[in-house]
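Hi,

Here is the structure I said I'd pass on. Have a look at it first, and my notes follow below.

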Amino acid sequence: MEQFDALIVGHGPAGCSAALYLCRAGLRTAMVGKDRGALERAERIENYYGLASPLRGLELMEIGQAQCRALGASLLRDEVLSLELREDLSFTAQASSGLELSAKAVLLATGKAKAVPGIEGIRSFEGHGVSYCAVCDAFLYRGREVAVLGAGVYAKHEMEALLPLARRVTLLTNGAKPDFDIPDKIAVIRQKILRLTGEETLRGAVLEDGGALEFQGLFVALGSATAGDLARKLGARLERDAIAVNTRQETTLPGLYAAGDCTGSFPQVSIAVAEGAKAGMSMVSHLRKKSRGAQSQEE
């Protein structure tokens, strides 16, 4: 397991901005991201301070990331699938490559959290059969039939957490083609889901051909794990699918920070950079206090 002082999930403007402050403070910092997000696809950036001429979004991203590397940040092209808070209030992260990272503080900066899929009934069954965290809730469904909604590596990760406990696991792709190898013991249904069924608790789903499925738990794992997904798994507070933070970019969990679009702020590079700077400075202060506390205990 690789150990760092600070882990930044996402390497866009917010993440890079925070990394600059952390690295300049002499803190070992890692940035992990699967892609560069929406900014990479921006054709022309000209409403950002200091640009002598417009830049493509990709160019601006590459300049920012090179700046972070020059100051000592480790940039890893990978996907963080899960975060766990340990008893000593440090964090461990598991990536899709199998890499495990440990850090004393974490910044979530992967962009805006995914919208909840538009399936009738999904909101009403949240907490009553619909879950967004297999690691958190799999034990509640031991010996029961469950389904995972998704078609990517994130869905695979959730299935692996459920298989040892659930009686049966079904993969629902909602019309998408799975992009990973499916174990033989997993049933795959690619039809679109019309609605979820049940009364007080989830009982199953109706498919587009009118067929019915029965299961007691549905684990939503669409696309990649976003900042909102990771925060929800840790138990940090969300407000309208955005991560709740204070003026220092602190979440409701000590040592966990969020910045950029995932906090519900106006989606502009300048705002993401500003929030990243505040988060970086807050993390520096937090880590220095934690270090002084550890030293005083040793004395």
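To start with the sheet: how many bridges join strand S9 (residues 168-172) to S10, and do they run parallel or antiparallel? Three bridges join them, and S9 and S10 run parallel. One thing to keep in mind throughout is that this is a predicted model.

The sheet those two belong to is open and has five strands, in the order S7-S14-S8-S9-S10, with parallel pairing. Its edges are strand S7 (130-131) and strand S10 (187-189), each of which pairs on one side only. If you want a spot to zoom in on, Leu 171 has Val 188 in S10 as its bridge partner. Helix H4 (residues 153-162) packs on this sheet, where it touches strand S8 (145-149), S9 and strand S14 (217-220). The direction of H4 makes about 165° with that of S8.

Next, helix H2 (residues 57-70). With 14 residues at 1.5 Å a residue, H2 should span 20 Å, and its end C-alpha atoms are indeed 20 Å apart, so the two agree. The buried residues in H2 are Gly 57, Leu 60, Met 61, Gly 64, Gln 65 and Cys 68. They cover an arc of only 125° around the axis, so they sit on the same side of H2. Just after H2 comes Gly 72, with a positive phi of about 110°.

Cys 68 deserves a second look. Not counting residues up to four places away in sequence, Cys 68 touches Cys 16, Ala 19, Leu 20, Met 31, Ala 73 and Leu 75. Cys 68 also turns up in the largest nonpolar core, which has 24 residues. The residues with the most contacts inside that core are Ile 8, Leu 22, Met 31, Cys 68, Leu 107 and Met 283. Strand S1 (2-9), helix H1 (13-24), strand S6 (100-108) and H6 are the elements that give two or more residues to this core. H1 supplies the largest share, seven residues. There is also a second, separate core of 23 residues, with Val 32, Ala 227, Leu 230 and Leu 234 among its members.

A couple of polar residues are worth a click too. Ser 282 is in helix H6 (residues 269-298), and its relative accessibility of 3% is why it counts as buried. Leaving aside neighbours within four places in sequence, Ser 282 is in contact with Arg 248 and Tyr 257. Asp 229, in helix H5 (residues 227-234), is buried as well, with a relative accessible area of 7%. The C-alpha atoms of Asp 229 and Val 206 are separated by 26 Å, with the two positions 23 residues apart along the chain.

Last, some backbone angles you may want to check. Most residues other than glycine have a negative phi. Which way do Leu 89 and Gln 249 go? Leu 89 has a positive phi, near 65°, and Gln 249 has a positive phi of about 65°. Leu 89 is in the loop between strand S4 (80-85) and strand S5 (91-95), while Gln 249 is in the loop between strand S16 (242-243) and strand S17 (256-258). Is each of them buried or exposed? Leu 89 counts as partly exposed because its relative accessibility is 40%, whereas Gln 249, at 2%, counts as buried.

Cheers

How values were computed
Residues are numbered from 1 along each chain as its sequence is written. This is a predicted model: local features need pLDDT of at least 70, side-chain atom pairs count only at pLDDT 80 or more; totals for chains, interfaces and linings use all residues. Side-chain values use heavy atoms; hydrogens and water are left out. Helices (H or I, at least four residues) and strands (E, at least two) are DSSP runs, numbered from the N terminus. Buried means under 20% relative accessible area, exposed over 50%, partly exposed in between (1.4 Å probe, protein chains only). The expected span of a helix is 1.5 Å times one less than its number of residues. The arc is that of the directions from the helix axis to the C-beta atoms. Two strands pair if DSSP finds at least two bridges between them. Contact means heavy atoms within 4.5 Å. Axes are lines fitted to C-alpha atoms, for helices over the stretch in contact, and angles run from 0 to 180 degrees between N-to-C directions. A nonpolar core is a set of buried Ala, Val, Leu, Ile, Met, Phe, Trp, Tyr and Cys residues joined through side-chain atoms within 4.5 Å.
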